[in-house]
Amino acid sequence: MKIGGILVAAVMMFSWTLSLNAQEAVGNVPQLSIQSDAAKALVWPTGKRAAVSLSFDDGRPSQVDTGLALFKKAGVKVTFYVQPGGVSQRLQGWKEAVADGHEIANHSITHPCTGNYAFSRKNALEDYDLRKMAAQLDDANDQIQKLLGVKPRDFAYPCGLKFVGRGLDVKSYVPLVAERFLVGRGYIDEFPNDPGFFDFAQAMGTPFDDMDFLQMKRIVDEAVKNGSWVIFVGHDIGARAHQTTDTIALEALCAYLKDPANGILLGTVEEIGTYIKQHRTGVD
C-alpha cells in the first residue's frame, strides 16, 4: 500500500509539473511570437510606435459644419465614409473637405443593414444577394467620383455587417470589397489591427462616439504597447451624445496624436493602409 501510494503521489507530482510548464509556455510564447512577427512583418517609421486613423461614417452634416474647422485648426486629415445622397445635399461642404485633403471613402448607396434594425427593414441585407451588393459598391464609387472628382479607395461596412442572404444561402461580401478597395473597415470591433497580420478587407474599427478624452487616450496608449493600428469610428461631431464624437475630447485627442513624444503615426485610412501594404512582409 505504501509503495502504491508513493507511486500515485509521484505520478501526480509529475503531471502537475508538466501542467505548470505547459501553462508557462502558453502564457509566454504568444507574446514573444507576436512581438517577433510584428518586428519582422512591419517597421513603423523612425520615432513611431503605433498608428491611428480618425474616421467618420454616413457623411452627416455636422462633419462638415463642425468637423472641418476643427480638423483644419488641429492640422489633422481624416477619412469620411459617405453616401452620395448626403454628399449631394451638402455638396459645397464636401468639396471643401476634399480641398482640405481629407479622404472621401465609400459607405454604399443606401446603407443596407440587417432587417433586425427597424430603420433597415425595407433595405435588409437578408434580402440582398452578391450582385445587388456589388451594385451598391460600384454605384456609390461612380456617384462620389462624379460629385467630388475623387474615386474612393476604401470602404466601411454599414453597421459593420459583412453578409447578404439568409440561412443556407448566406454569403460573405468581403471578397467584393477585397476586389475593389484597399481597406474594408468594420465597426464595433474589440481590438485594433495587428499591422503584420490583419486582413485589409476586414480591418477592425474602434468606436469613439460618446467617449471622453481619457477613454480615447487609453485605447491609443494600449495600441502603442502592441504596435497596433487604431481606426477610430465616429458619426456626428458635437456635444457628447449617442453616436456623437465630443468636440472637446476630439480636440484633445488630435493634440495628443500629433505630439511627437507619443510616437503616433497619424494619417487617413488610405495613408496608413498604403504604408502597411508597402512595408509589411510575409503576409498576403
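Which residue follows α2, and what is the sign of its phi? Here are some notes on this predicted model, starting with that helix.

1. **The end of α2.** The residue after α2 is G75, and its phi is positive, near 70°. The helix itself covers residues 61-74, so it has 14 residues. From first C-alpha to last, α2 reaches 20 Å, close to the 20 Å expected at 1.5 Å a residue.

2. **A kink to look at.** Do have a look at G67, where a kink of about 45° in α2 is centred. G67 is also one of the buried residues of this helix, along with S62, Q63, V64, L68, L70 and F71. Their packing partners are two helices, α4 (91-99) and α8 (247-258), and the strands β1 (50-57), β2 (79-82) and β10 (236-238).

3. **The main core.** F71 from α2 turns up again in the largest nonpolar core, which has 34 residues. Together with L54, F56, F80, W94 and F208, F71 belongs to the group with the most contacts inside that core. At least two residues of the core come from each of β1, α2, β2, α4, α5 (130-148), α7 (213-226), β9 (229-234) and α8. The largest share, six residues, is supplied by α8. As background, nonpolar side chains in soluble globular proteins tend to be buried together.

4. **L54 and its neighbours.** If you would like one residue to click on in this core, try L54. Not counting residues up to four places away in sequence, L54 touches F71, V76, V78, T79, F208, F232, L250, L253, C254, L257 and G267. Apart from this core lies another, of 18 residues, and among them are A51, Y81, F198 and A203.

5. **D57, a buried acid.** Strand β1 also holds D57. Is D57 buried or exposed? Its relative accessible area is 3%, and buried means under 20%, so D57 counts as buried. Leaving aside neighbours within four places in sequence, its contacts are Q63, Y81, H107, A156, R185, V233, G234 and H235. Q63 is itself a buried residue of α2, and Y81 is part of the 18-residue core.

6. **α7, with one buried face.** α7 has 14 residues and reaches 20 Å from its first C-alpha to its last, close to the 20 Å expected at 1.5 Å a residue. Its buried residues are M216, V220, A223 and V224. Seen down the helix axis, these fall within an arc of 105°, so they line one face of α7. Turned away from that buried side are the exposed residues L214, R218 and K225. The buried residues pack against β1, β9, β11 (244-246), α8 and β12 (264-266).

7. **The two ends of α7.** At the start of α7, a side-chain oxygen of D212 comes to within 3.2 Å of the backbone nitrogen of L214. After the helix comes G227, with a positive phi near 70°.

8. **α4 in brief.** G93, W94 and A97 are buried in α4. Looking down the axis of α4, they fall within an arc of 95°, so they line one face of the helix. The exposed residues Q92 and A99 sit on the face turned away from the buried side. The buried residues of α4 pack against α2, β2, α3 (84-89), β3 (103-106) and α5. G101 follows α4, and its phi is positive, near 95°.

How values were computed: Residues numbered from 1 in each chain as written. Predicted model: local features only at pLDDT ≥ 70, side-chain atom pairs only at ≥ 80, totals over all residues. Heavy atoms only, no water. Helix = DSSP H or I, 4+ residues; strand = E, 2+ residues; numbered from the N terminus. Expected span 1.5 Å × (residues − 1). Bend = angle between axes of the 7 residues up to and from the residue. Buried < 20%, exposed > 50% of the residue type's maximum accessible area, 1.4 Å probe, protein only. Contact = heavy atoms within 4.5 Å. Core = buried A, V, L, I, M, F, W, Y, C linked by side-chain atoms within 4.5 Å. Arc of directions from axis to C-beta. Polar contact = N/O pair within 3.5 Å; in protein donor to acceptor, adjacent residues only side chain to side chain.
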